[in-house]
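Please look over the following model with attention to one helix, one pocket and two individual residues. The notes below are grouped by topic and follow the display.

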Amino acid sequence: MNADIDAKLIEEGRKLFAGDWKFVWASPSIETLPPMAGVEVAFAGRSNVGKSSLINALTGRNALARTSHTPGRTQELIFFDGPDSAGLRLVDMPGYGYASAPKTQVASWTKLIHQFLQGRATLARVYVLIDARHGIKDVDQDVLKTLDKSAVSYQVVLTKADQVKATELEKNIEQATAALAKHPAAFPEVLVTSSRSGAGMPELRAAMVRLLHERAR
């Protein structure tokens, strides 16, 4: 990938995410999913990893996705559509791991996530968000294994990079890259982001544009 193509993808990504993004659907169960359309990318991660903040930073809208300091606030699959001509849809998935909700409800969300991953033909990639301060934990490994079994392409995105010292961030990037080498469905490159500073957002937008081009072939 040469610099000219990278710059072109970054500019396409900027224009795409500067367009009109809106909430379109919330699904508490597999039966209530919206009809499949366009290209879908989903965001998975532990509760409180910053999924909603990342979606807001990507789209440049402070309140598109609801953020909360209470882990487990997102209890449904939340769908956001971009500009009509783009054919891209973002899916905010319920956080896994700790959640301030009854165990039966957490089990229900987990089942919903697994069913969605296994039966969604329009799902092109899952971005697995990992807190850059902590790196990949056992609970994350479980999700990566599920994605491998579902044969869904996925990529790890480190969040909250602005809250980590450079040496520790580098170590966590290396550890994540090494861990992903053992997962057949994983995209090898780790993206590093900060919703607060905007770092890594152009590259993440460009990755989605590249995905749209690949799906259009």
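A pocket here is found on a 1 Å grid over the protein atoms alone, as an open set of points with protein on both sides within 12 Å along at least five of seven lines, and its lining residues have an atom within 4 Å of a point. This is a predicted model, in which local features need pLDDT of at least 70 and side-chain atom pairs count only at pLDDT 80 or more, while totals for chains, interfaces and linings use all residues. Residues are numbered from 1 along each chain as its sequence is written, and side-chain values use heavy atoms, with hydrogens and water left out.

**The second largest pocket**

- The second largest pocket is lined by 13 residues, and those nearest its centre are Glu189, Glu203, Ala206, Ala207 and Arg210.
- Two elements, α1 (3–18) and α6 (201–216), give two or more residues to this lining; helices (H or I, at least four residues) and strands (E, at least two) are DSSP runs, numbered from the N terminus.
- The largest share of the lining, 6 residues, comes from α6.
- The volume of the second largest pocket is about 200 Å³, a volume being the space filled by probe spheres set on the grid points, which are joined across faces, edges and corners.

**Helix α5**

- Helix α5 has 15 residues (166–180), which at 1.5 Å a residue should span 21 Å (the expected span is 1.5 Å times one less than the number of residues), and its end C-alpha atoms are 21 Å apart, in agreement.
- Leu169, Asn172, Ile173, Ala176, Ala179 and Leu180 of α5 are buried, where buried means under 20% relative accessible area, exposed over 50% and partly exposed in between (1.4 Å probe, protein chains only).
- These buried residues cover an arc of only 130° around the axis, judged by the directions from the axis to the C-beta atoms, and they therefore lie on the same side of α5.
- Thr167 and Glu174, on the other side of α5, are exposed.
- The buried residues of α5 pack against α4 (138–150), β6 (154–159) and β7 (191–192).

**Two buried residues**

- Val152, in the loop between α4 and β6, is buried, with a relative accessible area of 7%.
- Beyond its neighbours within four places in sequence, Val152 is in contact (heavy atoms within 4.5 Å) with Leu117, Leu123, Val126, Leu147 and Ala185.
- Thr159 belongs to strand β6 and is buried, with a relative accessible area of 3%.
- With neighbours within four places in sequence left aside, Thr159 is in contact with Val49, Leu129, Ile130, Asp131, Ala132 and Thr193.

How values were computed. On a 1 Å grid over the protein atoms alone, a cavity is a set of points where a 1.4 Å probe fits but cannot get out, and a pocket is an open set with protein on both sides within 12 Å along at least five of seven lines; lining residues have an atom within 4 Å of a point.
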